[in-house]
Every structure is written in C-alpha cells, then in structure tokens.
Amino acid sequence: MVDSAGRGPDPAWTVRAYTEADHPAYTRVISEALLLDRAGFRRHTELHPVSDHGRVLVATDGQRVVGTAQALELELTLPQGPRPVAGITAVGVWPTHRRRGVLSALMRRQIADAHERGEKVAALWSSEGGIYDRFGYGQAVFEQAVGVDRRDARLRSEVPREEGLSTELREAHHALPDLLALYRKLARGRVGQIARTVPWFEYLIGPQEEGRNEPLAVVVRDADAPRGYALYRTESHWDGGLPRGKVVVQELGALDPPARTALYEHLFSRDLTTRVEFAHLPLDEPLPLMLEDGRLLRRGTYDSLWLRLVDLPAALAERTWAAPVDAVLAVTDRYAPWNEGTWRLRAGPEGATVESTDRAPEVSLDAAHLGAAYLGQVRLSNHRAAGALTEHEPGTVERLDTALFRPAAPYCGTAF
Ligand SMILES: CC(=O)SCCNC(=O)CCNC(=O)[C@H](O)C(C)(C)COP(=O)(O)OP(=O)(O)OC[C@H]1O[C@@H](n2cnc3c(N)ncnc32)[C@H](O)[C@@H]1OP(=O)(O)O
C-alpha cells in the first residue's frame, strides 16, 4: 500500500537502469533538480558521460522519469592506498515528486548494485548537509577556502627557499602534461584525492564563463622536473582609480616545502591585485605558519567528501591502522542490511580482521559514523559527544580513534 504522499512499503516508483530513450527526460530532471543551465548540463555530461547505462539509474512514476542517480567508477586514495570506489553524482528528483521516497528508492538500489559489483566504498559531494547520512554516508573530509589581503600575506624570512627553482607562468592548457604528472604524484600520496584523467583538467581549465579571464598555471620546477603548481585566474577591479584586482586560486599542490614557498611568492606578488583567494586547501595546509601573521587569513571550512562503507567488514579489514584495537561494534545500516549486526574488529599496524560475533557490543553505531571516521580526520568521539553513538564499554571509542588516526588531513579538492 502507498499512502497519499507516495510513502509506504510498496512505493509507486520503479527504479531501473537508464536507456538511450531516457536521455531527454534524464536531461530535464537533472537540469531542473540541480538548477543547471544548458552550458552547466553540457559541462556535467562531458565530464560524466553515460557510458555504462547500468551505472545510471532512473526512477519512474508510470512511464515518466522523475528521479536520477549516477555512479562513476573512480579511483580514490584511501588510507590503504588508491582503490576503486563508486563516485555518486547526478542525483536529482523532479520538483513536484520530492519528499515522496524517490531518492530513497534510488539509493537503496544504487547501494545494492555497488555491493553486487564488489565495490567496498562509495563517495560523493553533497549539495546539502541534511540529505545523505540517513543513507549511510558520513562527512569524512573537511577542507577550507582561504582569503587574504595581499598586503598582509608576508612570508616569514625563514620559510624554505631553494636557489635554482624556476617559476613558469602559462595559460593552463599549455601546462597540461606538467599538471597531470604533478597531480598524479600528489593524489596517490594524499588520502581523499581522486585520480584525474585529462577531461577532469579540461573541465577545470576549459572555456570559462563569459567575461572571465583565462585560467593560468604557474609551475615551479628544478632542472629535472616540475615540483609544484597552482591553477588560478585573475580578476580586474578598480576603486576610484586604485587597482583592487584579485587572484583566485583554484588549487595548489607542491611536492616539497621550497616548491610551496615559490608558488606562494608568485601568487602574492601579482601587480594590481590586493586580494588572494584560495577555493580549496587542505585543513593542514601550512600557509598560516608560513606567514608573519597567519591570523590575518580568513578561513572558511566546508565538507567535501562523504563516504559510505558499501561492504563494511571488507572495507574495515582492508584499511591500514595506526595502533592495535580489539573492539565489538553493533552496526545499524538501513540501506545496506548485509552490513548490519555485531562485528568484532581486530586491527593494528600488521592488518585487520572483521568477523561476525555474538559477543556483547562495546559500541553501538551507524554505518555512517564509520564512513565518516574511515579517512582518519573525523573522530568517533565527536559523534559520541553529539549523542549519535553509544559507548557501552568506556574507552572503546578512544581506542578506535587512536587506531583510525592518520597524520595528514585528507583532502579531495575535486567536486564531482
Ligand atoms: C551526489 C549528488 O548528486 S548531490 C545532489 C543532490 N540533488 C539535489 O540537491 C537536487 C535538488 N534536490 C532534489 O532533487 C531532492 O530534493 C533530493 C534528491 C535531495 C531528495 O529527493 P527526495 O525524493 O525528496 O528524497 P526522499 O523523499 O527519498 O527523502 C528521504 C528522506 O530524506 C529527507 N530529505 C530529502 N532531501 C532532503 C534535504 N535536502 N534536506 C534534508 N532532508 C532531506 C526527507 O525528508 C526524507 O526524510 P524521512 O525519511 O525522515 O521522511
């Protein structure tokens, strides 16, 4: 039965794989739900073409498509190294069909599909913070946007510098080989980053909105190889005849401290600019410590990656762990019932096992909490403080947090 709002154990929606014939309806639903104009939709589909129909789901009301969700096959750097994950995108429900269980039906099927395909983890960037925890996704990565008045951005005299590094500035598309090579090295070493192919960079540096300046790439290199890059564009502003231009940095990546210094020196030295803004930086970016007065940075934190353990015991067993822990976890997971139950986790620097057990649980929590904590940035003790999980055996949560610890902040930087 379905009630008047469309809720109930037998919803009116059918969820099935996309077919070519769905294309116009799919375009309509996703564009309207995400408020995309034509150019925005084209950019989205160029980056995420529907190449594997089975990975795009549509929900229908009778014959009519009313919801969509896509799973990309991404490689994401996890604590154990780069691994394939389902990258969830293009989620949208036709406005008049919202809050009637369409997304819930799509999520149920999508998570089951990923599980059947053997994917252990799924990840997404969420449009709003209130949507995905009920589907078992946890906020796993926080990053920051940073802005500074250029006149306040004075680097300390002792920051590492290296003679012999050169700084090259080009239109970004001319620097593509360097960007790809550097990004590949950086992404494999930083938990939370996704592997990027050429189209990802083309998406970032391709034709810009009307009136925007060309994206630039500054690349720092030694005699042998590139060591760091920043992608940015400039904006011209004048105020009563005074130059008030802006440097807007899309991303910055350095293999070592002297390369990082050289990049900041370049970005903080553009004539006619008074402001430098960084769209995405890791939370542990050392910039505040490199400045004479790091407090002058304006910093805004936001959540980027949400993570879901699709195959919870396998994902926990595969992870690398910083310290030994032996804990019994009672897990709820409404959308992946195969994850539910009581699990004994025995983990440590040598490896981990996860087995179903009938021992008394030491902690009761939801799969979303483990998804949030998996990358090592978000503490389970925070969830406990918020009353979101229950600790039956005092100290267990601290031991889990210690074992989950990662020294570097995870960072994604690529919305998908
Ligand atoms: C990875 C990505 O692609 S992120 C992009 C997500 N898409 C968008 O933001 C586009 C605009 N929004 C939409 O298309 C829709 O509102 C969606 C997809 C967010 C939700 O779809 P719906 O079909 O309305 O969700 P559904 O009815 O299954 O809701 C399930 C539950 O989530 C809640 N919920 C759904 N959307 C939201 C939201 N934006 N904020 C808070 N709660 C929400 C519902 O209230 C419901 O709660 P309940 O189980 O306690 O009753």
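Here are some short exercises on this predicted model, each with a worked solution.

Before you start: residues are numbered from 1 along each chain as its sequence is written. Because the model is predicted, local features need pLDDT of at least 70, side-chain atom pairs count only at pLDDT 80 or more, and totals for chains, interfaces and linings use all residues.

**Exercise 1. Find how many helices and strands the protein has.**

Solution. Start with the rule: helices (H or I, at least four residues) and strands (E, at least two) are DSSP runs, numbered from the N terminus. With that rule, the protein has 11 helices and 21 strands.

**Exercise 2. Compare the radius of gyration of the protein with that of a compact globule.**

Solution. Step one is the globule rule, 2.2 Å times the number of residues to the power 0.38, with the radius taken over C-alpha atoms. Step two is to apply the rule: for 416 residues it gives a value near 22 Å, and the protein has 23 Å, so the two agree. To picture the outline, note that the C-alpha trace spans about 70 × 55 × 40 Å along its principal axes.

**Exercise 3. Decide whether Arg 99 and Leu 272 are buried, partly exposed or exposed.**

Solution. Count the other C-beta atoms (placed from the backbone) within 10 Å of the residue's own: 20 or more is buried, 12 or fewer is exposed, and in between is partly exposed.

- Arg 99 sits in the loop between β4 (81-93) and α3 (102-116). Arg 99 has 10 such neighbours, so it counts as exposed. Its phi is positive, about 55°, although Arg 99 is not a glycine.
- Leu 272 lies in the loop between α6 (257-267) and β14 (273-282). Leu 272 has 13 such neighbours, so it is partly exposed. Leu 272 is also a non-glycine residue with a positive phi, near 65°.

Over the whole protein, 40% of the 416 residues count as buried.

**Exercise 4. Describe the side of domain 1 that touches domain 2.**

Solution. First, locate the domains, whose bounds come from an automatic or database domain assignment: domain 1 (13-119), domain 2 (143-302) and domain 3 (311-404). The C-alpha centres of domain 1 and domain 2 are 33 Å apart. Next, count the residues in contact (C-beta atoms, placed from the backbone, within 7 Å): 10 from domain 1 and 11 from domain 2. On the domain 1 side, α2 (38-47) and β3 (64-78) each supply at least two residues. The largest share, five residues, comes from β3.
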